[in-house]
Structures are given as C-alpha cells and as structure tokens.
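Hi,

Here is the structure I promised to pass on. Have a look at it first, and my notes follow underneath.

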Amino acid sequence: MREHICSFCQSAQTDANPLIYGDGVSICKACVAAASKVFGMSREEAEIKGMDISSFSPKALKKILDMYVIGQEEAKKTFAIAIYNHYKRIYRNNEIGDESEIAKSNILLIGPTGSGKTLMAQTLARYLNVPIAISDATCLTEAGYVGEDVENILSKLLQNANDDVKLAERGIVFIDEIDKIARLSENRSITRDVSGEGVQQALLKIIEGSVINIMPKGGRKHPHQEFVPIDTTNILFIAGGAFDGLDDIIARRIGRNTLGFTHSKGAAKQNTALLRELEPDDLIHYGLIPELIGRLHVISTLDELSRDDLVKIMTEPKNALIKQYQKLFAIDGAKLTFETDAVSAIAEQAIKRKTGARGLRSIVEKVTSETMYELPELKGYEIVVNKNCVNNQEKPLYIKMTPAKTSA
C-alpha cells in the first residue's frame with residue numbers, strides 16, 4: 001500500500017498529523033497551521049519568516065526589533081550586529097578558505113528593569129526560529145546546593161528545541177538579573193558563597209564552549225542516569241541586568257561628581273551618559289569576576305524609558321498592550337477605549353514604580369479588572385477608560401452603542 005505523505009513537507013500521515021486530500025495533492029495538519037500563521041502576518045513579516053537564517057543582515061534584524069521594541073536605537077543596532085555576526089560565524093565560516101577561526105561573542109545588556117532586554121532576545125529568537133531558554137540568575141546555584149543548577153539552563157534549551165540536540169546547540173540562552181550575583185566587595189560571609197561568585201564560576205563552564213552532560217528533563221543529577229551531551233560552542237549567551245549603582249562607579253573613575261543630581265529631571269539622561277563610558281574594570285568593581293566579563297564580549301546599554309516611550313509601547317507595536325486588551329473585550333462583543341490622558345497616567349504610574357514597561361500590564365489589569373468581571377454581560381457597550389479611572393480607581397464609562405456602531 002502506498003504511503004500517504006504531505007505534498008509540502010513530505011511528512012507521513014499519522015494520527016497526530018492527519019492529511020487533507022485535494023486534486024492530486026495533500027497537505028498535513030502542521031503545514032495548514034504554518035500557512036495560517038503566515039496569512040495572519042503582514043507581507044513584510046511573511047518575507048522575513050521565510051528567510052534562511054544565514055541570509056539575514058543587521059539592518060533586517062533591527063527592522064524586526066523595531067516592530068516590537070520602542071526606542072533603544074543604539075542598543076538595537078549593537079544587538080542586531082552581534083546576532084548577525086554570531087550566526088554568520090556558524091553558517092558562513094567556511095566561505096573564506098583559511099585556517100583562522102572566528103571566536104564566539106556573547107552579549108551583556110545593561111539597562112533598567114522593563115527597558116526591553118528580554119524582549120529583544122525573545123523577538124529575534126522567534127523570527128530566527130531558534131530555541132531560547134530564559135533563566136533568572138538569582139535562582140541559580142552551584143551544582144550540589146539547594147536551588148537550580150546552572151546546567152539546568154541547557155536542559156530548558158533542549159526542551160524548547162523539542163529535544164533536537166543539533167537545534168539546541170545553535171540556540172540562545174538569556175540569563176536575566178546577572179547583576180544580582182555580583183560577589184560582595186565588603187562584609188563577605190564566612191560561609192561559602194552559593195548565589196554569587198560560585199554561580200559566576202559555574203556559568204563560565206557552560207559559556208566558554210564545552211561539552212556538558214545534562215539531564216534531558218532538568219533536575220538534579222543522580223548516578224546511573226542517562227545524560228545528553230550538549231556542545232555549547234555555538235550557543236549564544238546573553239546576560240542582562242539593571243546594575244543599579246554602576247553609574248556611581250563610573251563617575252568616581254572619571255572624576256565626575258553626581259551629588260545633587262539624584263532626584264533631578266536630568267538624572268536619567270546623566271546616568272545614561274555615564275553608562276556610555278563603561279569599561280570592563282567598572283564591572284569588576286561592581287562584583288563580576290574578570291573571567292566572566294572576558295566571555296561577555298559585546299556590551300550594550302539601554303536607556304531608561306521616558307513617559308512618551310511607555311505610551312508608544314502601549315499603543316504602537318504589533319503586540320501593544322492596549323491592542324491586546326481591546327481584542328479581549330472585542331471577543332465578548334464590547335469595545336474598549338482608552339482616552340489619551342488615561343494612557344499617559346498609566347505611563348506615569350509605571351515611572352513612579354520604577355518598573356518600566358514590565359509594570360504596565362499590572363496597572364492596566366487593575367484598571368480593567370472589575371469591568372472584565374462583568375464583561376460577558378456588556379455585549380454592545382463601549383467601555384471608556386479616562387485618567388480618573390487610573391488615578392482615582394473610578395469605574396470606566398459604559399456607553400450603549402447603536403447597532404450600526406456595534407457592527408462596525
């Protein structure tokens with residue numbers, strides 16, 4: 001009996017992936033899902049998604065970041081170049097016939113909470129179709145201590161690659177809050193440092209490029225277990241952190257007095273300017289060990305987001321927060337409208353909380369939670385959120401829409 005296969009991907013028919021038959025052709029469930037995603041994209045996105053990973057350019061990568069990340073122009077350029085060079089090193093290294101080898105350049109992103117560090121890594125990983133594992137450095141410990149082994153990061157990467165070792169070995173690992181494991185310069189505990197310098201030393205082993213035996217499902221290692229060897233040579237490691245106080249270290253080194261500017265309007269700009277003067281020794285003084293800094297070759301700083309930036313983040317990108325909530329309301333037949341002053345008020349609250357873009361969702365959730373509780377009964381209504389709803393917890397306005405307006 002002739003095996004039935006998909007005319008597009010050549011996969012055989014299975015219970016999990018059935019085929020649809022047409023006039024001399026067939027298509028599987030997976031290809032239908034993929035086609036559905038493409039038709040839901042803009043033409044530009046579809047073209048990008050169809051490109052081979054080795055054919056991207058720094059400009060194309062930045063263009064992708066521009067769709068989702070507001071501001072941070074210099075950081076996006078630096079990040080795009082680093083990603084481009086990394087995958088060019090993997091896929092095009094043999095185009096020049098000599099014996100030289102291009103070393104891997106890992107990345108360190110320095111910027112306030114909610115400035116877009118994680119989002120940049122997630123966005124490019126999605127478009128390049130490579131697996132990504134994201135871990136919080138504060139949860140990591142050396143092997144043998146209570147907590148999460150550093151090597152479990154690679155287990156996450158393998159799981160996100162659907163257990164495809166070769167794919168995982170070309171993936172991305174993002175380690176957030178790397179600044180929180182800086183070793184203490186003073187008042188060190190006499191007990192062994194489990195969460196600081198010890199973790200930095202443990203990270204070195206996986207970052208520098210070596211074969212690590214990991215447990216496929218993560219967890220602690222035990223005798224008589226089967227391990228999966230992962231070569232980290234071509235895995236891109238990206239570390240991110242806020243590094244609060246790093247600007248003071250830089251200011252002392254260059255002899256600039258920052259006293260009196262802490263609460264001034266220009267403090268954010270001044271701190272950004274200081275971070276532009278960053279040298280590796282400043283990170284050593286902060287508490288990162290020299291060996292780790294030596295393996296994070298590309299350093300990029302992100303600016304603190306302004307109120308205007310936060311407003312744009314909520315309204316402009318393809319994944320804009322307000323668009324997401326408007327869709328949630330539309331599914332129940334209601335229309336959600338945020339007045340301009342309400343969006344500005346949400347941005348102001350995020351700035352006061354020092355949460356950046358990361359805190360926007362919790363503010364919007366609080367403003368809309370009571371209405372969402374009633375939402376199934378609000379079909380045909382327009383819900384209008386103004387500044388008082390944000391600042392004074394007033395209830396949004398409910399306006400009954402005309403049939404013509406409802407259908408629109």
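Which residues in helix 15 are buried? Among the residues of that helix, A342, V343, S344, A345, I346, A347, Q349 and A350 are. Before going further, bear in mind that this is a predicted model.

I spent a while on helix 15, so let me stay with it. The helix covers residues 340-353, which makes 14 residues. At 1.5 Å a residue the expected span is 20 Å, and the end C-alpha atoms are 20 Å apart, so the two values agree. As for what the buried residues pack against, the list has both helices and strands: helix 13 (307-315), helix 14 (321-331), helix 16 (360-374) and helix 17 (387-391), plus strand 12 (335-338) and strand 13 (381-385). Right after the helix comes K354, which has a positive phi, near 60°.

Two of those packing partners, strand 12 and strand 13, also belong to a sheet. It is an open sheet of three strands in the order 12-13-14, and the pairing is mixed. Strand 12 and strand 14 (397-400) are the edge strands; each has a single partner, so one side of each has no neighbour in the sheet. On average, neighbouring strands here are turned by 25° against each other, ignoring direction. Strands 12 and 13 run parallel and are joined by four bridges. If you want a spot to click on, L336 sits opposite I383 of strand 13.

Now the cysteines, since you may well ask. How many disulfides are there? The count is zero, going by sulfur atoms within 2.5 Å. For reference, a disulfide is a covalent bond between the sulfur atoms of two cysteines. Two cysteines to look at are C139 and C389. C139 counts as partly exposed because its relative accessibility is 42%. C389, on the other hand, is buried, with a relative accessible area of 4%.

Finally, some overall numbers for the chain. There are 18 helices and 14 strands. Of the 408 residues, 42% count as buried. The accessible surface comes to about 22,300 Å², and carbon and sulfur atoms account for 52% of that. If you take the contacts between residues at least 6 apart in sequence, 67% of them join residues at least 24 apart.

Best wishes

Notes:
Residues are numbered from 1 along each chain as its sequence is written. This is a predicted model: local features need pLDDT of at least 70, side-chain atom pairs count only at pLDDT 80 or more; totals for chains, interfaces and linings use all residues. Side-chain values use heavy atoms; hydrogens and water are left out. Buried means under 20% relative accessible area, exposed over 50%, partly exposed in between (1.4 Å probe, protein chains only). Contact means heavy atoms within 4.5 Å. Accessible areas come from the Shrake-Rupley method with a 1.4 Å probe; for residues, only the protein chains shown count as cover. The expected span of a helix is 1.5 Å times one less than its number of residues. Two strands pair if DSSP finds at least two bridges between them. Axes are lines fitted to C-alpha atoms, for helices over the stretch in contact, and angles run from 0 to 180 degrees between N-to-C directions.
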